[in-house]
Amino acid sequence: MEKRYDEQYIRSITRMGDSQGVVTNQAIFTSKNIKLIEKGVKVDSALFERLISHKLIPKIDHCLTVENGISGDSLKAYAMNLLDSDPGVAVLRGDARIRNRMLRAFDEMPLVAPMAFKLTVAWSQRPEVFEHSIRVALVALFLAIKSFFFSTKELATLAAAAVFHDIGILHVSPELLRPGRRLEKAERHHLYAHPITGFLILREFVDYHPEISRTVFEHHERLDGSGYPRGLKAEQICLGAQVLMLAEAANAIFEQSRNSRNLARFSVLLKLNQKKFNSELSNCLLSLVQDIQYEDDPCDAQASAFSAIPTLEARLKEVARVFLDWNSIRRKCGIDTETAHADMPLLSIINERIDDLQRMLLHAGFDVSNPGILIAILQDDPEAMVELNILLGEARWQLREIIHEVYRRLAEQGGLAEGAESSALEWIARNEVAIEQI
Ligand SMILES: [Fe+2]
Ligand SMILES: [Fe+2]
């Protein structure tokens, strides 16, 4: 069967060409030096099959020009319009000095023609990816300006890294990102590759390599080593990526925010993720959201928390059971927290993450080892019930992340888990479904 190249991205380009003028600005060749398309030819869906059947030289983004494409000016205008009118980023408004510095960063970020073309494809065919990237850029710039002494040049670098942080997603099928779609293990690996794809794209340009490309490469890493693609830790991760990872988490909450329950969710999220995110940046975010007056009916939140007590109790018991089950495996395999167990990497990962999670839950005021007592204490305290509800949601998310991390490491070591290590998979097999239901 004939090999098909970069089908997803070429599909987006040719679809864009159906409604917007896309024209070759130079001839396109195959890797065997055969001219495939002349200069000055309109590119649309009629050329799709021809384009995916060959490896293209030069790369396609270098050969095409699009009518009314994204430019530095239109990018800045889009960002400012979002900042001024979108409720999801309302928390970032208000300070004229910060706004001006954000504007300037968009003005000064490098934007070479092939990457402007790529952004136009995103804007036209994957608007959710485009808008997400601009939102994350706004939050990242805001955090950087508030927390650190970033120079004007460093802010421009951060703006570019943020605008391009998910550019690798354009090469992944949108079907995988459909809300509510549960990903199979193999599909998840396509998603895990997007920071690497983004890095490889940006590496081609002196304007973006090495600083911006590195920031994009590291934006899914976490300070405790639980991120991807390399599982880097703490200062191994560049500051720009540390800003981006938190900006992304904050943006996810801002997008669905506007009431105090989400504010509570934010502080819980930061409490439970202390080891994953830069603490200076987290504190900056916390003080930001604490200053916001949200319109909300507190009675609603209280009423729903009270009516959900039996459910909360059941969920708490489930979390406690998952932890207890881990303790039994830990004892069986002779794992303790103080010793490094290099010969048992999967078990060590689960152990470290579960320990952190338990400690963070305790630190947040919830000793889940005794769920019945906790509910008895909490039922007269509606605010604490609301917080517990959010906290359980976050605990479920983190437990799920632990499982994904183990699967990632397992794939990296060839899919084999022998001897005691197989207990890691036993624990997952016993608890994966239950965790989903917490
Ligand atoms: Fe993102
Ligand atoms: Fe990403």
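A cavity is a set of points on a 1 Å grid over the protein atoms alone where a 1.4 Å probe fits but cannot get out, and its lining residues have an atom within 4 Å of a point. This is a predicted model, in which local features need pLDDT of at least 70 and side-chain atom pairs count only at pLDDT 80 or more, while totals for chains, interfaces and linings use all residues. Residues are numbered from 1 along each chain as its sequence is written, chains are lettered from A and ligands numbered from 1 in the order in which they are written, and side-chain values use heavy atoms, with hydrogens and water left out.

**Empty space**

Let us start inside. The count comes to 2 cavities of 30 Å³ or more, and the largest has a volume of about 40 Å³; a volume here is the space filled by probe spheres set on the grid points, which are joined across faces, edges and corners. Its lining is made up of L119, A122, V129, F130, S133, V163, D166 and I167. Helices are DSSP runs of H or I with at least four residues, and strands are runs of E with at least two, numbered from the N terminus. Both α6 (113-125) and α7 (127-147) supply at least two residues of this lining, with the largest share, 3 residues, coming from α7.

**Two iron sites**

One of those lining residues, D166, leads us to the metals: D166 coordinates both iron ions, which are 3.6 Å apart. Donors are N, O and S atoms within 2.8 Å of the metal (3.2 Å for Na, K and Ca); water is not among the atoms, so sites may look incomplete.

| Iron ion | Protein donors | Distance | Angles among 4 donor atoms |
|---|---|---|---|
| Ligand 1 | H132 (NE2), H165 (NE2), D166 (OD), E248 (OE) | 1.8 to 2.3 Å | 77 to 166 degrees |
| Ligand 2 | D166 (OD), H194 (NE2), H219 (NE2), H220 (NE2) | 2.1 to 2.2 Å | 85 to 177 degrees |

Four donors count as tetrahedral if all angles lie between 85 and 135 degrees; four count as square planar and six as octahedral if opposite donors are over 155 degrees apart and all others between 65 and 115, and anything else is irregular. The site of ligand 1 is irregular, and the site of ligand 2 is irregular too.

Along the chain, the donors of ligand 1 are spaced H-x32-H-D-x81-E. H132 lies in helix α7 and H165 in the loop between α8 and α9, so this pair ties together parts 33 residues apart in sequence. For ligand 2 the spacing is D-x27-H-x24-H-H. Here D166 sits in the loop between α8 (152-163) and α9, and H219 in the loop between α11 (211-217) and α12 (239-255), so the two tie together parts 53 residues apart in sequence.

How accessible are these donors? Buried means under 20% relative accessible area, exposed over 50%, and partly exposed in between (1.4 Å probe, protein chains only). D166 is buried at 8%, H165 is buried at 1%, and H219 is buried at 1%.

**Helix α9**

In α9 (residues 185-192), the buried residues are E187, R188, L191 and Y192. Seen down the axis, they fall within an arc of 150 degrees (taken from the directions from the helix axis to the C-beta atoms), so they line one face of the helix. What covers them includes α10 (194-202) and α19 (382-412), where contact means heavy atoms within 4.5 Å.

Key
1 Å grid on protein atoms, 1.4 Å probe; cavity = no way out; pocket = protein on both sides within 12 Å on 5 of 7 lines; lining within 4 Å.
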